[in-house]
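Visitor: Before we begin, may I ask that each term be set against its criterion as we go?
Guide: Certainly; let us look at the model together.

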Amino acid sequence: MGRDDADPSDQRMYAIQHPAHQVTVQDFYIDRTEVTNAEYFTFVQEAKYEDLPVDWENNKPLPGKENMPVRYVNIKDINAFIKWRSERDGKTYRLPTEEEWEFAARNGAKSTLYPWGNEYREECAVVGKVRVDVQAVGSKQCGENELGVQDLIGNVWEW
């Protein structure tokens, strides 16, 4: 985990990323995509959940935004969604640990810098400084890791 070549001029990120160190990651499962507004809407309806994302109107996602990643949820919302989905599927879901997420984002044991390899490719990630720079989940096929997990770089902040 981490990097020895982290940029020391960004002290906050440097402290998080530096130094590279070994961790052991046990076997785990991770969704191939972020949770979409459509799936979250199913949860809201079935669980009769009342705390809705602020970018929804009339208690549902905006038309055409169903395949966008759900945004504006907090840890209470996430835990309610996880509980509902676990009960629905008869499995125990949880958020990935930081180590698990980085393992997936760095292409597993290959430990590449990005899910797709070691060279940054702008066309493989949804990154930008503006909140509206969000695209449908899985819209950057070249950004997936070798296991098919998508959107590990950009689109929305990860929990």
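Visitor: What makes the side chains of Asp 51 and Lys 76 a salt bridge?
Guide: This is a predicted model, in which local features need pLDDT of at least 70 and side-chain atom pairs count only at pLDDT 80 or more, while totals for chains, interfaces and linings use all residues. Residues are numbered from 1 along each chain as its sequence is written, and side-chain values use heavy atoms, with hydrogens and water left out. A salt bridge requires a side-chain nitrogen of Lys or Arg within 4 Å of a carboxyl oxygen of Asp or Glu. For Asp 51 and Lys 76 the N to O distance is 2.2 Å, so the pair meets the definition. Asp 51 lies in the loop between α2 (37-47) and α3 (75-89) and Lys 76 in helix α3, so the pair ties together parts that are 25 residues apart in sequence. Helices here are DSSP runs (H or I, at least four residues), numbered from the N terminus.

Visitor: Why is Asp 51 called partly exposed?
Guide: Buried means under 20% relative accessible area, exposed over 50%, and partly exposed in between (1.4 Å probe, protein chains only). Asp 51 has a relative accessible area of 39%, and its partner Lys 76 has 47%; both are therefore partly exposed.

Visitor: How do you know that Arg 121 forms a salt bridge with Glu 123?
Guide: The closest N and O atoms of Arg 121 and Glu 123 are 2.9 Å apart, so the criterion is satisfied. Arg 121 is partly exposed at 35% relative accessibility, as is Glu 123 at 43%.

Visitor: What is the nearest side chain of opposite charge to Lys 140, and how far away is it?
Guide: Glu 123 is the nearest, at 7.8 Å, and Lys 140 is buried yet has no salt bridge. Lys counts as positive and Glu as negative (as do Arg and Asp respectively; His and the chain ends are not counted). Lys 140 is nevertheless in contact (heavy atoms within 4.5 Å) with residues including Glu 123, Cys 124 and Gln 135.

Visitor: What makes the span of α3 close to the expected one?
Guide: The expected span is 1.5 Å times one less than the number of residues. α3 has 15 residues and reaches 21 Å from its first C-alpha to its last, close to the 21 Å expected. Among its buried residues are Ile 78, Phe 81 and Trp 84, and what covers the buried residues of α3 includes α2.

Technical notes: Helix = DSSP H or I, 4+ residues; strand = E, 2+ residues; numbered from the N terminus. Lists of a residue's contacts leave out its neighbours within four places in sequence.
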